[in-house]
Amino acid sequence: MSDQTFSAAADVVAEPVGYVRPEFERTKLHPPRTHRAIVGHERLLALRPDPAQSPVVTMVAPAGYGKSTMLAEWANHDPGRVVWATLDAHDDDPAVLVALLATAVIGSGISAPGLEAGLSAPMPSVWSRAMPRLSASLHEAAPFTLILDDAHSVTSSASWDVIDWLMLHVPQHSQVIIAGRSLGGSAMARLQVSGQLAMLGITDLAISDTEAHELLAGTDQGVTAVDAARLNRSCGGWVSGLLLSGATADPR
């Protein structure tokens with residue numbers, strides 16, 4: 001979405017009159033819990049770009065490469081304020097998406113007295129009141145980290161207009177991180193050209209042979225370091241594939 005005024009963007013999408021903010025599952029507003037020890041902990045933390053250099057970070061890879069795990073590591077070790085939202089197909093509507101983001105903002109402890117009122121009042125478009133208030137609340141709360149996980153669940157251009165706006169208007173010292181199997185929107189090309197975007201992919205997420213052995217050592221398969229390296233090479237560093245291979249590997 002181009003750098004335009006809220007009033008101009010108001011013509012992009014209309015939401016139901018009398019829209020009322022839905023309730024969201026709490027799990028959507030917090031990093032997922034990990035069920036096993038995190039391998040490559042220090043490497044994962046070191047992969048996060050400096051917000052001053054890269055106010056926007058994208059992470060794109062197929063399922064099973066540990067995107068959510070890496071985001072959770074970043075969130076749990078972030079010394080500042082973190083706003084987290086896991087997206088799903090129900091959020092592929094600009095009104096619902098903005099409501100989810102506003103709920104995440106309020107749930108993170110950001111004081112936004114007018115934000116909920118702006119969501120519940122009837123309006124012709126999210127751009128007429130909800131987005132200006134959401135944007136204002138985020139700017140007042142800066143610096144912060146906004147993390148959107150499973151962003152591939154959002155596919156409509158109207159919903160990506162919302163995400164594009166957030167990416168193009170990141171306050172100083174803040175960072176917006178977006179992860180998914182694929183990403184839409186039009187802002188990323190502009191951010192990449194301006195040097196404000198850091199892009200992470202399969203190569204960054206693939207685990208090393210040492211990490212593969214550490215991961216499989218927690219199983220009861222008796223996988224050696226040599227076996228782990230062989231399995232990891234065959235899986236291309238794909239965590240889920242490695243775990244499946246390790247579970248069926250013959251330890252003899």
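Which residues of the largest nonpolar core touch the most other members? In this predicted model, they are Leu87, Leu101, Met131, Leu134, Ile163, Met167 and Ile178, out of the 42 residues that make up the core.

**View 1. The largest nonpolar core and the elements that build it.** Two or more residues are given to this core by each of β2, α4, α6 (130-141), β3, α7 (157-168), β4 and α8 (187-193). Helix α4 contributes the largest share, which amounts to eight residues.

**View 2. The surroundings of Leu134.** When residues up to four places away in sequence are not counted, Leu134 touches Val98, Leu101, Ala102, Val105 and Leu115. Of these residues, Leu101 is, like Leu134 itself, among those that touch the most other members of the largest nonpolar core.

**View 3. The open sheet of five strands.** The strands follow the order β2-β3-β4-β1-β5, and their pairing is parallel. At the edges stand β2 (81-86) and β5 (197-200), each of which pairs on one side only, and from one strand to the next the twist averages 15 degrees.

**View 4. Helix α4 against the sheet strands β2 and β3.** Helix α4 (residues 94-107) lies across β2 and β3 (144-149), and its direction makes an angle of about 145 degrees with β2.

**View 5. The pairing of β1 with β4.** Strand β1 (residues 56-60) pairs with strand β4 (residues 175-180) in the parallel sense, over five bridges, and Met59 stands opposite Ala179 in β4.

**View 6. A second nonpolar core.** Apart from the largest nonpolar core lies another, of 16 residues, and its members include Val57, Ile177, Ala179 and Leu205.

Methods: Residues numbered from 1 in each chain as written. Predicted model: local features only at pLDDT ≥ 70, side-chain atom pairs only at ≥ 80, totals over all residues. Heavy atoms only, no water. Pairing = 2+ DSSP bridges. Helix = DSSP H or I, 4+ residues; strand = E, 2+ residues; numbered from the N terminus. Axes fitted to C-alpha atoms, helices over the stretch in contact; angles between N-to-C directions. Contact = heavy atoms within 4.5 Å. Core = buried A, V, L, I, M, F, W, Y, C linked by side-chain atoms within 4.5 Å. Buried < 20%, exposed > 50% of the residue type's maximum accessible area, 1.4 Å probe, protein only.
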